[in-house]
Amino acid sequence: MAATDSVSDQFAILPIRMPAVASFPHAAVHEIRIRRNAPNIPTADDSRSLFLKNVPADSTEAHFRAVFTSLVGAGRFETIKFDDEPSTVLAVDPAQAAKVAGFAKKRKRADLESEEQAREEEAARLPEIWTRRLHRSSGTAVVLLADEKSVQLVLKAVAKLHKTKKYPVWGENVADDVTPLGATWVSSHLQMCRVDKTSTQRAVHAFFNAFNRKEKEAAEMAKRLRNEPDEDGFVTVTRGGRAAPASRTEAEEAKQKMVDKQQKKKAEMKDFYRFQLRERRKQEQAALLRRFEDDKRKVNAMKEKRGRFKPEA
């Protein structure tokens with residue numbers, strides 16, 4: 001179970017001792033990569049969180065709570081978020097809402113309270129048929145600790161493990177409420193697959209109620225967007241057609257706005273590349289030479305004409 005690939009300098013190795021089990025009667029060491037959490041989109045909790053790679057497939061929050069307690073003591077570990085955990089957000093965005101969403105980034109969404117929305121999502125969730133979920137192989141997770149000092153203590157404790165060789169034992173001091181795996185786990189799954197018809201029907205009805213509400217909100221938003229020219233001067237045409245044709249004044253204003261934007265864009269793109277700048281300078285120099293030659297010819301012509309001038313006696 002130990003990983004053999006090379007480790008980046010940014011990651012430290014957290015060795016976990018896997019005890020022998022009936023299916024594999026040999027102890028092994030599993031290596032978890034650990035470093036400070038640095039996501040592409042920063043959050044307020046990044047300073048007190050750790051990023052883990054290669055987490056065991058049977059990981060639970062209780063397992064990692066026991067591991068971190070053995071490293072830095074109780075009270076430092078807060079929670080863990082696995083990358084393959086199902087999202088708690090109700091994914092009921094219909095196609096109509098997806099089309100109109102791009103035009104409504106600056107508009108407020110639903111006016112529902114957060115508690116009401118949480119109850120709606122909970123009601124629309126289907127019953128679980130697994131007492132415990134397994135994670136994909138070589139998965140990742142983010143551990144949230146109490147404070148930034150806890151992060152430093154964990155990294156120091158991980159560095160000391162390679163000297164003491166006293167690795168945390170996986171599953172040791174884990175709470176009793178963790179559902180066991182094996183035959184008991186599969187048997188409970190087979191029983192839970194026969195879900196209650198009433199509760200399932202209630203969850204499906206809640207889901208479609210939320211779906212219809214979002215569809216109605218999308219239709220109302222599309223109605224508000226009709227006859228409202230955007231920054232390019234175009235009028236959004238939504239499903240159902242426009243309520244009334246745009247006036248001539250609005251059309252002329254929109255056309256003028258579009259022409260001004262094109263001229264501005266053209267001016268910004270002028271001399272954008274270096275070869276364009278060289279060509280412009282060459283053209284200016286050539287124009288100066290032509291004007292100089294024209295002026296020179298005019299001066300010579302005036303001199304010749306003045307020499308041939310003979311006043312009448």
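Helices and strands here are DSSP runs, numbered from the N terminus, with at least four residues for a helix and at least two for a strand. With that naming in hand, K165 sits in the loop between α4 and α5 (183-192). One thing to keep in mind throughout: this is a predicted model. The chain carries 8 helices and 5 strands, and buried residues account for 25% of its 313 residues.

**Overall layout**

- Going along the sequence, the elements come in the pattern β-β-β-α-β-α-α-β-α-α-α-α-α.
- If you take contacts between residues at least 6 apart in sequence, 71% of them join residues at least 24 apart.
- The chain's accessible surface adds up to about 23100 Å², and carbon and sulfur atoms own 54% of that.

**Backbone oddities**

- Most residues other than glycine have a negative phi.
- K165 isn't a glycine, yet its phi is positive, at about 65°.
- With a relative accessible area of 48%, K165 falls in the partly exposed class, because exposed would take over 50%.
- N54 also has a positive phi of about 65° without being a glycine.
- N54 belongs to strand β3 (residues 49-55), and its relative accessible area of 13% makes it buried.

**Strand β5 and T140**

- T140 is part of strand β5, which covers residues 139-145.
- Its relative accessible area is 17%, so T140 counts as buried, the limit being under 20%.
- Skipping neighbours within four places in sequence, the contacts of T140 are F51, L52, K53, V55, F82 and D83.

**Helix α1: R65 and A66**

- R65 is in helix α1 (residues 61-72) and is partly exposed, with 34% relative accessibility.
- The side chain of R65 forms a salt bridge with that of E61, at 2.9 Å from N to O.
- Both R65 and E61 are in helix α1, 4 residues apart, which is about one turn of the helix.
- E61 is partly exposed as well, at 33% relative accessibility.
- Not counting residues up to four places away in sequence, R65 touches F77 and E78.
- R65 and N173 are 108 residues apart along the chain, while their C-alpha atoms are separated by 9.4 Å.
- A66 is also in helix α1, but this residue is buried, at 14% relative accessibility.
- A66 touches E172, N173 and V174, again leaving out residues up to four places away in sequence.
- C-alpha to C-alpha, A66 and V169 are 9.1 Å apart in space, with their positions 103 residues apart in sequence.

**Salt bridges**

- The structure has 8 salt bridges.
- R136 and D83 pair up through their side chains at 2.5 Å, N to O.
- That pair ties together distant parts of the chain, 53 residues apart: R136 is in the loop between α3 (114-124) and β5, and D83 is in the loop between β4 (77-82) and α2 (95-101).
- R136 is partly exposed, with a relative accessible area of 44%, and D83 is partly exposed too, at 36%.
- E31 and R33 make a salt bridge between their side chains, at 3.7 Å from N to O.
- R33 is buried, with a relative accessible area of 5%.
- D45, R48 and E78 are linked in a network of salt bridges.

**Surface patches**

- K149, K156, K160 and K163 cluster into a surface patch of positive charge.
- K149 is placed in helix α4 (residues 148-164).
- At 52% relative accessibility, K149 is classed as exposed, because the cut-off is over 50%.
- L126, V204 and F208 make up a nonpolar surface patch of about 260 Å².
- F208 is found in helix α6 (residues 197-225) and is partly exposed, with a relative accessible area of 45%.
- F208 clears the bar for joining a patch, because patch residues need over 30% relative accessible area.

Note on methods. Residues are numbered from 1 along each chain as its sequence is written. This is a predicted model: local features need pLDDT of at least 70, side-chain atom pairs count only at pLDDT 80 or more; totals for chains, interfaces and linings use all residues. Side-chain values use heavy atoms; hydrogens and water are left out. Patches are made of residues with over 30% relative accessible area and no salt bridge: like charges are joined within 9 Å, nonpolar side chains (Val, Leu, Ile, Met, Phe, Trp, Tyr) within 5 Å. Accessible areas come from the Shrake-Rupley method with a 1.4 Å probe; for residues, only the protein chains shown count as cover. A salt bridge is a side-chain nitrogen of Lys or Arg within 4 Å of a carboxyl oxygen of Asp or Glu. Lys and Arg count as positive and Asp and Glu as negative; His and the chain ends are not counted. The place of a charge is taken as NZ of Lys, CZ of Arg, CG of Asp or CD of Glu. Buried means under 20% relative accessible area, exposed over 50%, partly exposed in between (1.4 Å probe, protein chains only). Contact means heavy atoms within 4.5 Å.
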